[in-house]
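Colleague: I should be grateful for a close look at one part of this model, namely how the strands are paired and what surrounds them. Please treat it as a single connected account.

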Amino acid sequence: MTGEYRMDGLAVPESLEQLHELLERVRRDHPDVDETALMMFETAVVEIHGNVIRHGRPRGKVSYEFRLEVQDDRLRAHLTTDDDEVPDLSHLHGLEPADPMAESGRGLWLAEAMLDELRYARSGNHNIWTMVKLLDSVSGDAGRP
Amino acid sequence: MDMETRDLADGVGLLALGGRLNMVSAPGVKAAIDELIGGGRPRVVVDLSSVSFMDSSGLGALVAGLKRARQAQGDLRISGANEQVLTVLRLTNLDRVLRPRDTVEEAGRDW
């Protein structure tokens, strides 16, 4: 049930729709992949891509390449951007937003909570995000972290 | 995103959404909630039964609406959330604040 997918372009709001369409294709091509795992993976991928759209510089001109692999035991994605900025990682690695009624600032935290692995690296002038969802790690009710 | 508003009862407005509630659609949703509250409906039900996906921006719009409603001595409730939306609410612990209801009817009574 393995497969590879790829898309690229400018990180602009319209690209979110294309990302959802790609995930729909994965869903159609791999009906055997657990729907809860795929739903959580999609949520995380969209959050990370949205973070690039919102915070990437120069705004509207950041190029991205997105690659997704369906493997027997995991879903893995790499999002590479030619971004001038290093992202704000203050909400990564378990640091929940301090204000429960905050209207923003939950994206990275939420992405990490949806995944088994979320890694960020800076290489040259590229930001590289790696996202992994294990396919045997999904609890029945996708409970709290 | 599809949006439709109507009165549920005196002072109670309904905002029915359809599609994806994300960084593209969130500002419009926030504005629609503000408009309901500003128009004398401080109690708002947001029907999510036709929302297929919500991200943190969408969640931010609901939190903003809730705060605005409470400032106006009202409240904001949500109904009909699918599994993806419920998972986002659970992981952020906002299900304890927004307390999702199954149906518009359930959300719209006993304020």
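Modeller: In this predicted model, strand 1 of chain B is joined to strand 2 of chain B, residues 12-21, by seven bridges in the antiparallel sense. Within that pairing, Asp7(B) has Gly13(B) of strand 2 as its bridge partner. Helix 3 of chain B, residues 83-91, packs on the sheet and touches strand 3 and strand 4 of chain B, its direction making about 115° with that of strand 3.

The pair of strands belongs to an open sheet of four strands in chain B, ordered 1-2-3-4, with mixed pairing. Strand 1 (2-9) and strand 4 (75-79) of chain B each have a single partner strand and stand at the edges, so one side of each has no neighbour in the sheet. From one strand to the next, the twist averages 25°. Helix 2 of chain B, residues 56-71, lies across strand 2, strand 3 (43-54) and strand 4 of chain B, and runs at about 145° to strand 4.

Chain A has its own open sheet, in which five strands follow the order 1-2-3-5-4 with antiparallel pairing. Here strand 1 (3-10) and strand 4 (117-123) of chain A are the edge strands; each has a single partner strand, so one side of each is left without a neighbour in the sheet. Neighbouring strands of the chain A sheet are turned by 10° against each other on average, direction ignored. Eight bridges link strand 1 of chain A to strand 2 of chain A, residues 63-70, in the antiparallel sense, and one of the bridge partnerships is that of Gly3(A) with Val70(A) in strand 2. Helix 1 of chain A, residues 14-29, packs on this sheet and touches strand 1 and strand 2 of chain A, at about 170° to the direction of strand 1. Helix 2 of chain A, residues 35-55, also packs on the sheet, touching strand 2, strand 3 (74-81), strand 4 and strand 5 (126-134) of chain A; its direction makes about 5° with that of strand 3.

The two chains also meet each other. In contact across the interface are 28 residues of chain B and 29 residues of chain A. Between them the chains bury about 2400 Å², 60% of it on carbon and sulfur atoms. On the chain B side, Arg20(B), Met23(B) and Leu91(B) lose the most area to chain A, together 28% of what that side buries.

Several of these elements also line pockets. The largest pocket has a volume of about 460 Å³. Of its 22 lining residues, Arg54(A), His55(A), Ser104(A), Gly105(A) and Ser57(B) are the closest to its centre. Helix 2 of chain B gives the most to this lining, with five residues. By class, the lining has six nonpolar, ten polar and six charged residues.

The second largest pocket has a volume of about 160 Å³. Its lining includes Glu24(A), Arg27(A), Arg20(B) and Glu83(B). At least two lining residues each come from helix 1 and helix 2 of chain A and from strand 3 and helix 3 of chain B. This lining divides into two nonpolar, four polar and six charged residues.

How values were computed:
Residues are numbered from 1 along each chain as its sequence is written. Chains are lettered from A and ligands numbered from 1 in the order in which they are written. This is a predicted model: local features need pLDDT of at least 70, side-chain atom pairs count only at pLDDT 80 or more; totals for chains, interfaces and linings use all residues. Side-chain values use heavy atoms; hydrogens and water are left out. Two strands pair if DSSP finds at least two bridges between them. Axes are lines fitted to C-alpha atoms, for helices over the stretch in contact, and angles run from 0 to 180 degrees between N-to-C directions. Contact means heavy atoms within 4.5 Å. On a 1 Å grid over the protein atoms alone, a cavity is a set of points where a 1.4 Å probe fits but cannot get out, and a pocket is an open set with protein on both sides within 12 Å along at least five of seven lines; lining residues have an atom within 4 Å of a point. Grid points are joined across faces, edges and corners, and a volume is the space filled by probe spheres set on the points. Ala, Val, Leu, Ile, Met, Phe, Trp, Tyr, Cys and Pro count as nonpolar, Asp, Glu, Lys and Arg as charged, and the others, Gly among them, as polar. Buried area is the accessible area (1.4 Å probe) that two parts lose on being put together, summed over both.
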